Amino acid sequence: MFSGFWGLKIVPGKTYTQTVDASFRVSNASLGEEIADQGRTSVLLTVHQKRFALCALTPGKIEQQLLDITLTEGEEITFETFGENEVHLTGNFIADDEDDEDDMYGSSDEEDGEDIDLDNITPEGLQDLINRGMIDPSDLQIGDDESDEDYDSEDAETDGRIREVTDEEEEELVEEAMSEDEPVVEVKIKKQADKKRKTVEEEKEQPAAPAKLSKKAKQAEKKAAAKEAAAAAEKPKQAEKPKQTEKAKAKAATLAGGVIVETKTEGAGAPAKKGQRVGMYYIGKLTNGKVFDQNTKGKPFWFRLGAGEVIKGWDTGIIGMKKGEERRLTIPGPMAYGSRGAPPDIPPHATLVFDIRLVEFK
């Protein structure tokens with residue numbers, strides 16, 4: 001995994017020597033903003049007193065080249081050029097292994113939030129969480145307290161934790177539920193019904209009075225009513241899923257040159273315009289899923305939008321993005337690297353897929 005931007009501007013006639021103190025990867029070489037000569041400029045690297053040619057750039061023909069060169073800590077290296085044009089090298093510092101556990105845009109711990117303590121929540125608060133979709137009613141396991149598994153009816157009568165609900169109290173609870181017309185009241189009744197059900201089941205082996213069997217039937221009816229209320233609350237959530245899918249499909253568009261743009265996450269603020277400098281996080285893949293380049297952490301990749309500093313598909317697909325917006329760009333070969341490709345990672349006429357995020361622009 002890569003972390004942090006690395007870059008070097010090589011001026012003709014100068015050499016740049018250093019001992020690598022932090023491992024990094026060189027992923028791209030391109031001509032500078034101003035072209036001084038129409039001839040070829042070669043980029044040279046000296047490692048262990050041996051000189052190697054990384055690439056050759058020619059204005060109007062090959063003005064940038066993808067690379068995959070990793071230089072490790074402790075190596076003595078020298079960069080230089082042979083030619084009259086300025087060359088920019090870019091890449092990424094290599095992060096520690098422990099950073100690989102993070103998500104693409106940060107640690108997943110930030111999104112986990114805090115657990116909801118159902119024992120201390122009010123009935124009104126519980127209903128509000130159900131309405132907002134933060135709690136699934138079908139997941140509520142009320143009355144299944146593991147600490148009461150070995151607690152029998154004799155213990156309940158002794159310490160007063162459970163007592164028999166009289167007919168008058170049952171009628172008051174039902175009237176209260178019907179008058180307030182809130183599912184939360186049914187949850188309260190269900191908790192009392194489940195506790196009483198445990199006591200009845202444990203006493204079932206002994207001779208039971210007909211009146212107690214009748215109460216058990218009443219509690220079973222109330223439990224069934226609570227399940228129906230939970231099922232009714234689940235139906236609106238299931239009905240919303242197709243609408244959300246249609247909304248996502250509606251955000252895919254095809255631009256000039258056949259560039260397909262899919263908006264994954266909406267941004268905020270003013271849209272980016274041609275001529276502005278934009279900072280991007282990105283992952284570049286072939287259509288078979290193979291990743292050939294990425295920058296997802298640290299300093300974003302900066303360039304001037306619409307100035308030809310990147311492939312045409314980027315200049316076309318990024319215009320109009322807002323800060324924080326995430327898109328997927330599917331770029332056909334003519335809007336990417338065309339018939340020449342970008343060996344060795346990108347073959348000729350290759351369609352490229354980029355997952356991008358606009359971090360900042362100015």
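**A conversation about cores and rings**

Biologist: Happy to look at this with you! How many of the 362 residues of the protein, in percent, count as buried?
Modeller: Keep in mind that this is a predicted model. The protein has seven helices and 15 strands, and its accessible surface comes to about 22,200 Å². Of its 362 residues, the share that counts as buried is 36%.

Biologist: Which strand gives the most to the largest nonpolar core?
Modeller: That core has 29 residues, and Met280, Trp314 and Phe354 are among the members that touch the most others. Strand 11 (277-286), helix 7 (312-318), strand 14 (326-331) and strand 15 (352-361) each supply at least two of its residues. The top contributor, with five residues, is strand 15.

Biologist: Good to know! How many residues are in the other core, the one with Trp6 and Leu31?
Modeller: This core lies apart from the largest one, and Ala29 and Val43 are also among its members. Its size in residues is 19.

Biologist: Is Ala342 buried or exposed?
Modeller: Ala342 sits in the loop between strand 14 and strand 15. Not counting residues up to four places away in sequence, it touches Gln65, Leu66 and Tyr337. Leu66 is 276 residues away in sequence, yet the two C-alpha atoms are 6.2 Å apart. The relative accessibility of Ala342 is 3%, and buried means under 20%, so Ala342 is buried.

Biologist: Now for the rings, my favourite part! What kind of pair do Trp6 and Phe79 form?
Modeller: A search of the whole structure finds ten aromatic pairs. In this one the ring centres are 6.1 Å apart and the planes meet at 45°. Planes under 30 degrees apart count as stacked and those over 60 as edge-to-face, so this pair is tilted.

Biologist: How many residues apart are Trp6 and Phe79?
Modeller: Both are buried, Trp6 with a relative accessible area of 8% and Phe79 with 2%. Trp6 belongs to strand 1 (residues 2-10) and Phe79 to strand 7 (residues 76-82), which makes this a link between distant parts of the chain. Their separation in residues is 73.

Biologist: And what kind of pair do Tyr282 and Phe301 make?
Modeller: Tyr282 in strand 11 and Phe301 in strand 13 (residues 301-304) are 19 residues apart. Both belong to one aromatic cluster that also holds Phe292, Phe303, Trp314 and Phe354. Their ring centres are 6.1 Å apart and their planes are at 70°, so the pair is edge-to-face.

Technical notes: Residues are numbered from 1 along each chain as its sequence is written. This is a predicted model: local features need pLDDT of at least 70, side-chain atom pairs count only at pLDDT 80 or more; totals for chains, interfaces and linings use all residues. Side-chain values use heavy atoms; hydrogens and water are left out. A nonpolar core is a set of buried Ala, Val, Leu, Ile, Met, Phe, Trp, Tyr and Cys residues joined through side-chain atoms within 4.5 Å. Buried means under 20% relative accessible area, exposed over 50%, partly exposed in between (1.4 Å probe, protein chains only). Helices (H or I, at least four residues) and strands (E, at least two) are DSSP runs, numbered from the N terminus. Accessible areas come from the Shrake-Rupley method with a 1.4 Å probe; for residues, only the protein chains shown count as cover. Contact means heavy atoms within 4.5 Å. Rings of Phe, Tyr and Trp (its six-membered ring) pair if their centres lie within 6.5 Å; planes under 30 degrees apart count as stacked, over 60 as edge-to-face and the rest as tilted.
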